[in-house]
Amino acid sequence: MIEKNMIEPDVKCIEEIRKLGGDSLKNCYQCATCSTVCNLAPAANPFPRKEMIWAQWGLKDKLLADPDVWLCHQCNDCSTHCPRGAKPGDVLAAIRKYVFEKIAFPGFMGKLVGSPSAFPLLFLIPVVLLLAVLAATGHLNIPEGDVIYSHFLPIGTLQYFFMTGTFYAFIIFVISMSLFWKALNRKSANLIHQENKQSFIPALFAASSISLESARVMASGFSQKTCFPSDIASSTMGL
Ligand code: SF4
Ligand code: SF4
């Protein structure tokens, strides 16, 4: 029996990834050179070729559920060797920004964190909030007498402010991580990872080990290729 596989392209997703730095994605013609040269692409499930076609077709659910984009350390070896100038390293970076924007809670924080031009604003927000708290508690003035730090910024107010901020950051981190984990575990989105599914703690250890390996490869500059053309030819694109 022929198995049907319905594909639901999302044009908005394609445009958003292009705007986030992946505007070369349409150049890809699926030769797989990128997956062959990538030091970190595993033989069983190489990247970034499959991500290129998912991005070209706007397969949003697959991109949101793809753990492989987080393995990439953007060395751009793949972009250097791409015969079409499709810049797969940049496209993967754009996909990561896209996932941030879609999954982060609250949504506007995902947008701000993914945009270097918004960094001054990110520093400004707590400064303005702190000034507002000082004004509200009657401490936005220059006290008379000796210069004593706690007269400018009362210790209790500072403790209250930073403890509230830390608690808020922890809550949005937990919510964002749980949304991310949920997206990664969506059954219909990424069948090629279903057989390797793990619960959160073992997956965290496995991911940490891969990150350390990635850092080691970067630090040494040593090319430890784990994926070969024959593997690429026999792999699927996970569609
Ligand atoms: S090397 Fe370039 S053209 Fe070939 S699959 Fe990768 S991104 Fe596409
Ligand atoms: S940028 Fe480097 S790590 Fe990322 S996919 Fe390309 S070759 Fe692999």
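Helix α6 gives the most to the shell around ligand 2, with three residues, in what is a predicted model. Altogether 14 residues surround ligand 2, and the closest of them are C38, C72, C75, C78 and G89. Two elements give two or more residues to this shell, namely α5 (77-81) and α6. By class, the shell around ligand 2 divides into nine nonpolar residues, four polar ones and one charged one.

Ligand 1 has its own surroundings, made up of 13 residues, among which C28, C31, T33, C34 and C82 are the closest. Here the elements that each supply at least two residues are α2 (33-37) and α3. The shell around ligand 1 divides into nine nonpolar, two polar and two charged residues.

**Helix α3 and its cover**

Helix α3, which spans residues 49-56, supplies part of the shell around ligand 1, and its own burial deserves a careful look. How many of the residues of α3 are buried? Six of the eight are, so α3 is largely enclosed by the rest of the structure. The buried residues of this helix are R49, K50, E51, M52, W54 and A55, and what covers them includes α1 (11-22), α2, α4 (60-64) and α6. After α3 comes G58, a residue whose phi is positive, near 65 degrees.

**How the helices pack**

Three pairs of helices can be set side by side, with the angle and the distance between the axes given for each pair.

| Helix pair | Angle | Axes | Crossing |
|---|---|---|---|
| α3 and α6 | about 60 degrees | 10 Å apart | left-handed |
| α1 and α6 | about 120 degrees | 8 Å apart | right-handed |
| α8 and α10 | roughly 140 degrees | within 11 Å | right-handed |

Helix α6, which covers residues 88-103, appears in the pairing with α3 and again in the pairing with α1. With an angle of about 60 degrees between them, α3 and α6 are therefore oblique to each other. In their contact, E51, M52 and A55 of α3 meet P88, V91, L92 and I95 of α6, and these residues divide into six nonpolar, no polar and one charged. Of the α3 residues taking part, E51, M52 and A55 also belong to the buried set of that helix.

The packing of α1 with α6 is a right-handed crossing. On the α1 side the contact is made by E16, I17, L20, G21 and G22, while on the α6 side it is made by D90, V91, A93, A94, I95, K97 and Y98. The residues of this contact divide into seven nonpolar, two polar and three charged. V91 and I95 of α6 take part in the contact with α1, and both are likewise found in the contact with α3.

The pair formed by helix α8 (residues 119-136) and helix α10 (residues 155-184) has axes that cross at roughly 140 degrees, and that makes α8 oblique to α10. In this contact P126, L130, V133 and L134 come from α8, whereas T157, F161 and G165 come from α10. By class the contact has five nonpolar, two polar and no charged residues.

**Drawing the parts together**

Helix α6 therefore serves as a useful thread for reading the model, since it gives three residues to the shell around ligand 2, is among the elements covering the buried residues of α3, and packs against α1 with axes 8 Å apart.

Note on methods:
Residues numbered from 1 in each chain as written. Chains lettered and ligands numbered in written order. Predicted model: local features only at pLDDT ≥ 70, side-chain atom pairs only at ≥ 80, totals over all residues. Axes fitted to C-alpha atoms, helices over the stretch in contact; angles between N-to-C directions. Helix = DSSP H or I, 4+ residues; strand = E, 2+ residues; numbered from the N terminus. Parallel < 35°, antiparallel > 145°, perpendicular 65-115°, else oblique. Left-handed = near helix turned anticlockwise from the far one by under 90°. Contact = placed C-beta atoms within 7 Å. Nonpolar A, V, L, I, M, F, W, Y, C, P; charged D, E, K, R; others polar. Near = placed C-beta within 6 Å. Buried ≥ 20, exposed ≤ 12 C-beta atoms within 10 Å, placed from the backbone.
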